[in-house]
Amino acid sequence: MAEDLSVHLTPDHPAGVPLIKDGYDPRLTNADLAPLAEQKWGTYNIFAFWMSDVHSVGGYVTAGSLFALGLTSWQVLVSLVVGIVIVQFFCNLVAKPSQVSGVPYPVICRAPFGVKGANIPAIIRGSIAVAWYGIQTYLASAALDVVLVRLFDGLAPYADASQHGFLGLSTLGWGTYALLWVLQAGVFWMGMESIRRFIDFCGPAVYVVMFALCGYLLWKSQWHVSLNLSSENLTGWNVVTTMLSAIALVVSYFSGPMLNFGDFSRYGRSFDAVKRGNFLGLPVNFLVFSILTVVTAAATLPVFGELITDPVETVSRIDNTFAIVLGALTFTTATIGINIVANFISPAFDFSNVSPQRISWRMGGMIAAVGSVILTPWNWYDNDDAIHYTLGVLGALIGPLFGVLIADYYLLRNQRVVVDDLFTLSESGRYWYAGGYNPDAVIATVLAGAFSIASVIVPKMVDAGLWVSDYSWFIGCGIGFVAYYVIAGRINSATQQALRA
């Protein structure tokens with residue numbers, strides 16, 4: 001291979017110094033996808049990444065919604081912690097290949113799927129992210145609408161789509177959606193280093209407001225708070241099965257960021273730093289956040305006379321304009337943080353991987369942003385069938401993609417990847433397989449995907465066994481892992497032939 005030609009960091013590149021060699025095929029390479037010669041993120045940066053991911057309206061509502069399952073406070077807390085420990089375990093697994101090689105998720109997928117076949121998981125994950133990017137932006141804008149109407153009564157008619165609105169969204173909704181859309185795009189456009197600084201700030205900022213909100217409600221309730229928030233009284237085996245469903249819900253909630261965590265772990269200066277960041281940001285941080293969520297939700301009952309699991313609505317009930325504005329701005333900032341982390345950066349890399357010379361990381365992100373508006377996510381979110389059958393089906397494929405990647409890296413390759421071969425279209429390259437596609441990975445994904453999708457659709461169709469859908473990620477991941485290991489482990493498989501080359 002020819003001598004290295006380093007491309008030094010510029011404002012146009014993500015954080016870190018990309019290293020592009022003479023032999024890298026331009027059809028697979030740009031400065032955003034290339035391996036990093038210098039990785040700068042430490043433990044705190046990974047910790048802050050998870051704080052931004054956890055400290056959101058969605059995370060708060062998800063934690064609060066577990067009470068609706070009939071669980072007591074301690075059962076909810078146990079479910080949250082067990083679920084997040086599972087997430088930490090899987091995140092450590094998916095982090096290592098990208099951290100060691102310095103490449104993002106779609107590039108590391110070239111090892112199991114082939115240099116061209118990697119576009120299959122990239123497009124699937126990118127499509128999911130685009131849809132959820134729009135939905136998260138809409139939910140944040142809807143929360144902002146509530147606060148604005150609370151502060152300015154005259155805006156109420158403009159928050160009603162039937163009176164003032166078009167394409168299913170109110171005039172006020174269009175305004176707040178556009179505002180958040182521009183703010184998120186602005187943060188993203190400044191590059192990965194600016195995003196790092198942003199998420200370094202977001203997580204701690206939300207903690208300050210969360211502690212203040214919790215303390216205020218405890219004071220207003222005169223510290224008379226009951227943690228028994230369940231309206232049901234589950235006993236025996238029902239408690240176990242419900243807690244298992246709650247644990248599965250936690251894992252599913254983080255399945256998107258978990259799959260493409262390599263997009264961030266690639267910046268880690270060492271794998272140990274990434275693991276320490278994961279430990280602090282997931283079990284430790286999530287435990288504190290969960291306790292805050294449970295206590296804050298519990299305090300809304302004596303203070304407001306009803307259980308409120310939406311932090312924005314909780315803030316809007318406070319009879320203090322400054323508190324309302326501060327809370328709204330904080331939770332809006334938190335939502336921007338998680339949306340950029342979970343649903344903006346991922347499709348940016350994914351779409352760039354499809355055509356590196358035509359689509360830069362920035363352009364990939366803007367394609368996702370524009371696509372999120374075209375989908376009119378407010379109509380999707382209000383349509384149960386669209387969510388269940390479209391996003392549910394796509395989401396069910398996250399598990400198989402995860403299982404294939406983990407089986408390939410840890411079992412078949414013994415944690416060894418030849419980075420230079422990830423960037424060549426030569427037929428002698430280790431990841432060329434058959435025309436750039438690895439049939440073993442494709443077949444395993446289709447097979448596992450069929451079972452995973454069925455676990456989402458069939459129970460809904462027959463209106464029975466709906467609990468099975470809670471485990472679609474585990475079903476897809478497990479079958480994908482086993483199927484790929486068995487198929488790729490055959491003596492004459494495409495994977496084995498590539499390993500012997």
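Hi everyone. Let me begin with a serine: Ser221 touches Pro302 and Val303, leaving aside residues up to four places away in sequence. Before I go on, please keep in mind that this is a predicted model. Ser221 sits in the loop that runs between helix 8, residues 192-220, and helix 9, residues 237-253. Is Ser221 buried or exposed? Its relative accessible area is 7%, and the cut-off for buried is under 20%, so Ser221 counts as buried.

Now look at Gln222, which is in the loop between helix 8 and helix 9. Gln222 has a relative accessible area of 56%, so with the exposed class starting over 50%, this glutamine is exposed. Its backbone is worth a look too: phi of Gln222 is near 60°, a positive value in a residue other than glycine.

There is another residue of that kind on my list. Asn414 has a phi near 50°, again positive in a residue other than glycine. You will find Asn414 in the loop between helix 19 and helix 20, the latter covering residues 439-462. Asn414 has 44% relative accessibility and counts as partly exposed.

Since helix 19 has come up, let's turn to its packing. Helix 3, residues 73-101, packs against helix 19, residues 398-412, at an angle of about 60°, and their axes are 10 Å apart. The angle makes helix 3 and helix 19 oblique to each other. The crossing of helix 3 past helix 19 is left-handed. Who makes the contact? On the helix 3 side we have Phe90, Asn92, Leu93, Val94, Lys96, Pro97 and Val100, and on the helix 19 side Phe402, Leu405, Ile406, Tyr409 and Tyr410. Sorted by class, the residues of this contact are ten nonpolar, one polar and one charged.

Keep Val94 in view, please, for the next stop, which is a glycine. Gly262 lies in helix 11, residues 262-265. Which residues does Gly262 touch, not counting those up to four places away in sequence? They are Val94, Ser98, Val103, Pro104 and Tyr105. Gly262 is buried, with a relative accessible area of 2%. Gly262 and Gly102 are 160 residues apart along the chain, yet 8.8 Å separates their C-alpha atoms.

My last stop is helix 7, residues 171-189. Here is a little arithmetic check: at 1.5 Å a residue, its 19 residues should span 27 Å, and the end C-alpha atoms are indeed 27 Å apart, so the two agree. Many of you like to know what is hidden, so here are the buried residues of helix 7: Leu172, Gly173, Trp174, Thr176, Tyr177, Leu180, Trp181, Gln184, Ala185, Val187 and Phe188. Just after this helix, Gly191 takes a positive phi of about 105°.

And what is the geometry with helix 6? Helix 6, residues 119-151, packs with helix 7 at an angle of about 125°, with axes 8 Å apart. Helix 6 and helix 7 are therefore oblique to each other. This time the crossing is right-handed. From helix 6, the contact includes Tyr133, Gly134, Thr137, Tyr138 and Ala140, among others; from helix 7, Leu172, Gly173, Thr176 and Tyr177 are among the partners. By class, the contact of helix 6 with helix 7 has eleven nonpolar, six polar and one charged residues.

That's my tour. Thanks for listening!

Key: Residues are numbered from 1 along each chain as its sequence is written. This is a predicted model: local features need pLDDT of at least 70, side-chain atom pairs count only at pLDDT 80 or more; totals for chains, interfaces and linings use all residues. Side-chain values use heavy atoms; hydrogens and water are left out. Axes are lines fitted to C-alpha atoms, for helices over the stretch in contact, and angles run from 0 to 180 degrees between N-to-C directions. Helices (H or I, at least four residues) and strands (E, at least two) are DSSP runs, numbered from the N terminus. Angles under 35 degrees count as roughly parallel, over 145 as roughly antiparallel, 65 to 115 as roughly perpendicular and the rest as oblique. A crossing is left-handed if the near helix is turned anticlockwise from the far one by less than a right angle, and right-handed if clockwise. Contact means heavy atoms within 4.5 Å. Ala, Val, Leu, Ile, Met, Phe, Trp, Tyr, Cys and Pro count as nonpolar, Asp, Glu, Lys and Arg as charged, and the others, Gly among them, as polar. Buried means under 20% relative accessible area, exposed over 50%, partly exposed in between (1.4 Å probe, protein chains only). The expected span of a helix is 1.5 Å times one less than its number of residues.
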